[in-house]
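Dear colleague,

Please find below the structure I agreed to pass on to you. My findings follow it, for use as a first orientation.

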Amino acid sequence: MSSSSRFLDDWLQAVVATPGLTAIRDVGTARRALLDDSQRGVELVRRFEGAIVDVGSGGGVPGIPLAVALPEREVTLLEANGRKCDFLREWAPPNATVAQGRAEEHETDVFGVAVAKALAPPPVAAEWCLPLVRPGGAAVLWIGPTADPDRVARVAERLGGELEEGADGLLVLRKLEPTPPGFPRRPGLARKRPLA
């Protein structure tokens with residue numbers, strides 16, 4: 001077993017054992033739902049250059065598996081919850097840093113790629129992630145079967161982006177223009193008045 005595989009196994013066991021990070025209590029189920037599912041995005045993320053930000057990282061999903069798979073890339077694990085940030089600091093690989101805060105508190109148009117899994121409904125996740133990405137970059141969102149890509153595409157257009165073809169369960173939002181003023185909006189506003 002390689003050192004990176006051993007690290008990911010240990011991290012996954014810690015995620016399952018730490019209250020408040022996941023409702024999954026079986027390591028095998030967690031491997032499929034958290035680790036394997038995160039790794040499905042590696043090739044999509046690799047297509048876009050620059051630093052990666054995992055928005056709402058929680059226990060490090062998908063950011064930690066992506067950081068391990070792409071050791072040459074800088075990864076920021078962005079999380080608002082202080083207790084979760086403590087966990088992330090303990091488990092962040094060498095190419096990852098932890099930032100405590102929310103998407104709307106960060107500078108826009110900086111990262112090459114923003115990723116999010118289970119952050120919010122896809123249109124809201126797009127509104128929080130796409131502004132962080134510079135033109136030429138992308139947001140990659142892990143979505144469920146009920147997601148409405150047309151609504152996400154409308155949000156992307158209003159934020160200077162467009163929906164690209166992704167993969168099953170993944171949406172890619174390509175950033176074409178700088179973020180319009182006023183985005184990303186505070187979470188409460190995004191839920192009350194969605195862009196889509």
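In what follows, Lys and Arg count as positive and Asp and Glu as negative, while His and the chain ends are not counted. On that basis, the protein chain of this predicted model carries 24 positive and 26 negative charges, and the mean positions of the two sets lie 5 Å apart.

As to the overall fold, the protein chain comprises eight helices and seven strands. Its radius of gyration is 16 Å, close to the 16 Å given by the globule rule for 196 residues, so the chain is as compact as a globular protein of that length. The C-alpha trace spans about 45 × 30 × 30 Å along its principal axes. Among contacts with a separation of 6 or more, 61% join residues 24 or more positions apart.

Turning to the interior, 51% of the 196 residues are buried. The largest nonpolar core has 34 residues, of which Trp11, Val45, Val115 and Val140 touch the most other members. Helix α1 (residues 3–17) supplies the largest share of this core, with six residues. Beyond its neighbours within four places in sequence, Val45 is in contact with Ile52, Leu66, Leu70, Arg73, Val113, Val115 and Val140. A separate core of 27 residues includes Val55, Leu78, Cys129 and Ile143.

Cys129 also belongs to the buried residues of helix α6. In that helix (residues 122–129), eight of eight residues are buried, among them Glu127 and Trp128.

At the surface, the protein chain exposes about 9,000 Å², and carbon and sulfur atoms supply 49% of this area.

With kind regards

Key. Residues numbered from 1 in each chain as written. Predicted model: local features only at pLDDT ≥ 70, side-chain atom pairs only at ≥ 80, totals over all residues. Heavy atoms only, no water. Helix = DSSP H or I, 4+ residues; strand = E, 2+ residues; numbered from the N terminus. Rg over C-alpha atoms; globule rule 2.2 N^0.38 Å. Buried < 20%, exposed > 50% of the residue type's maximum accessible area, 1.4 Å probe, protein only. Contact = heavy atoms within 4.5 Å. Areas by Shrake-Rupley, 256 points an atom, 1.4 Å probe, with all protein chains shown as cover. Charge placed at Lys NZ, Arg CZ, Asp CG, Glu CD. Core = buried A, V, L, I, M, F, W, Y, C linked by side-chain atoms within 4.5 Å.
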